[in-house]
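Subject: Handover of a structure and notes on it

Dear colleague,

Please find below the structure that I am handing over to you. I would be grateful if you could read the notes with the model open beside them.

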Amino acid sequence: MRVKVFIGLGTNLGDRGFYLSEAVSSLNRPAIKVEAMSRTYESEPWGVADQPLFWNQVIQVETTLEPLDLLHACQEIEQQLGRERKVHWGPRTIDIDLLIYDNRVSDSEELKLPHPYLEERAFVIVPLREIAPDLILPSGRPICEVQGEGKVYPLT
Ligand SMILES: Nc1ncnc2c1ncn2[C@@H]1O[C@H](COP(=O)(O)OP(=O)(O)OP(=O)(O)O)[C@@H](O)[C@H]1O
Ligand SMILES: Nc1nc2c(c(=O)[nH]1)N=C(CO)CN2
């Protein structure tokens, strides 16, 4: 059975356009079909201010993978694209986060669903609203009523 998942992508090191497009094309495979992509947004760093501007994007996929298998697929792509885990919320070539996986809830250290900071991050909410304007968030709030914090600008 295929389920709908929203995935957030972020990068603030090197060729940010390259990392976003490589991540999306690496994710797209028979078990993870990319169904929708937001535009790319430039955003001010959230959480740890003293770092380069990010480029962010949100995609919708349909997957047959269970949540942890999908997370591991995302982490493999992060590694292939040179992601190093140094500073929490610090600079990275690519970060791939599971935002919403169908209506699943998970509270383990390895996987939290929905993503815990979903509604606080404008760099997630704004591109997510672009591809899913009628979405009711897992909290029950319609996405049109949620702002998130931080400045984001579409690149196109
Ligand atoms: N929904 C999720 N999506 C991606 N990783 C998650 C999720 N929930 C928990 N994790 C775990 O978070 C750990 C740390 O992830 P990461 O280094 O990307 O954090 P971060 O990007 O600095 O912060 P944030 O998770 O707030 O965006 C990973 O090892 C992963 O197992
Ligand atoms: N604007 C922006 N800020 C961030 C981002 C991000 O992708 N975009 N990712 C972070 C760690 O997940 C921390 N802060």
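The notes below begin with conventions and then go through the structure part by part.

This is a predicted model, in which local features need pLDDT of at least 70 and side-chain atom pairs count only at pLDDT 80 or more, while totals for chains, interfaces and linings use all residues. Residues are numbered from 1 along each chain as its sequence is written, and chains are lettered from A and ligands numbered from 1 in the order in which they are written.

**The chain as a whole**

The chain contains 3 helices and 8 strands; helices (H or I, at least four residues) and strands (E, at least two) are DSSP runs, numbered from the N terminus. Their order along the sequence is β-α-β-β-β-α-β-β-β-α-β. The C-alpha atoms occupy a box of roughly 40 × 35 × 30 Å along the principal axes. The radius of gyration is 14 Å, which agrees with the value near 15 Å for a compact globule of 156 residues. That radius is taken over C-alpha atoms, and the globule rule is 2.2 Å times the number of residues to the power 0.38.

Of the 156 residues, 33% count as buried. A residue is buried if 20 or more other C-beta atoms lie within 10 Å of its own, exposed if 12 or fewer, and partly exposed in between, with C-beta atoms placed from the backbone. Two residues are in contact if their C-beta atoms, placed from the backbone, lie within 7 Å. Among contacts between residues at least 6 apart in sequence, 70% join residues at least 24 apart.

**The strands**

Two strands pair if DSSP finds at least two bridges between them. Strand β4 (54-63) has 9 of its 10 residues buried, and several strands pair with β4. β1 and β4 are antiparallel and share 9 bridges, and V5 has V61 in β4 as its bridge partner. Strand β2 (residues 32-37) is also antiparallel to β4, with 5 bridges; here M37 is the bridge partner of I59. β3 joins β4 through 3 bridges, again antiparallel, and Y41 has N56 in β4 as its partner.

Strand β1 (residues 3-11) also pairs with β5 in the antiparallel sense, over 6 bridges. In that pairing, I7 stands opposite L98. Of the 7 residues of β5, 6 are buried.

V3 lies in β1. V3 counts as partly exposed because 13 to 19 neighbours would fit that class and V3 has 16 other C-beta atoms within 10 Å. Leaving aside neighbours within four places in sequence, V3 is in contact with T63, Y101 and D102. V3 and V61 are 58 residues apart in sequence, and their C-alpha atoms are 8.1 Å apart in space.

**The helices**

F18 is in helix α1 (residues 16-27). F18 is partly exposed, with 13 other C-beta atoms within 10 Å. The C-alpha atoms of F18 and V146 are separated by 30 Å, and the two residues are 128 residues apart along the chain.

Why is helix α3 described as largely enclosed by the rest of the structure? The reason is that 8 of the 10 residues of α3 (residues 122-131) are buried. The buried residues are A122, F123, V124, I125, V126, P127, L128 and R129. What covers them includes β1, β3 (41-43), β4, β5 and β8 (152-154).

**The ligands**

A residue is near a molecule or strand if its C-beta atom, placed from the backbone, lies within 6 Å of it. Ala, Val, Leu, Ile, Met, Phe, Trp, Tyr, Cys and Pro count as nonpolar, Asp, Glu, Lys and Arg as charged, and the others, Gly among them, as polar.

Ligand 1 is surrounded by 13 residues, and the closest are D97, L98, E110, K112 and H115. This shell divides into 6 nonpolar, 2 polar and 5 charged residues. β5 (95-101) and β7 (112-113) each supply at least two residues of the shell, and β5 gives the most, with 3 residues.

Around ligand 2 are G10, S43, E44, P45, W46, G47, F54, N56, W89, D95, F123 and G150. By class, the shell around ligand 2 has 5 nonpolar, 5 polar and 2 charged residues.

**The annotation**

Residues 88-99 are covered by the UniProt annotation "domain: 7,8-dihydro-6-hydroxymethylpterin-pyrophosphokinase", from an unreviewed entry. UniProt positions are given in the numbering used here, feature names are shortened, and annotations may be inferred rather than shown by experiment. In the model, the end C-alpha atoms of residues 88-99 lie 18 Å apart, and the span is 0% helix and 42% strand.

Yours sincerely,
A colleague
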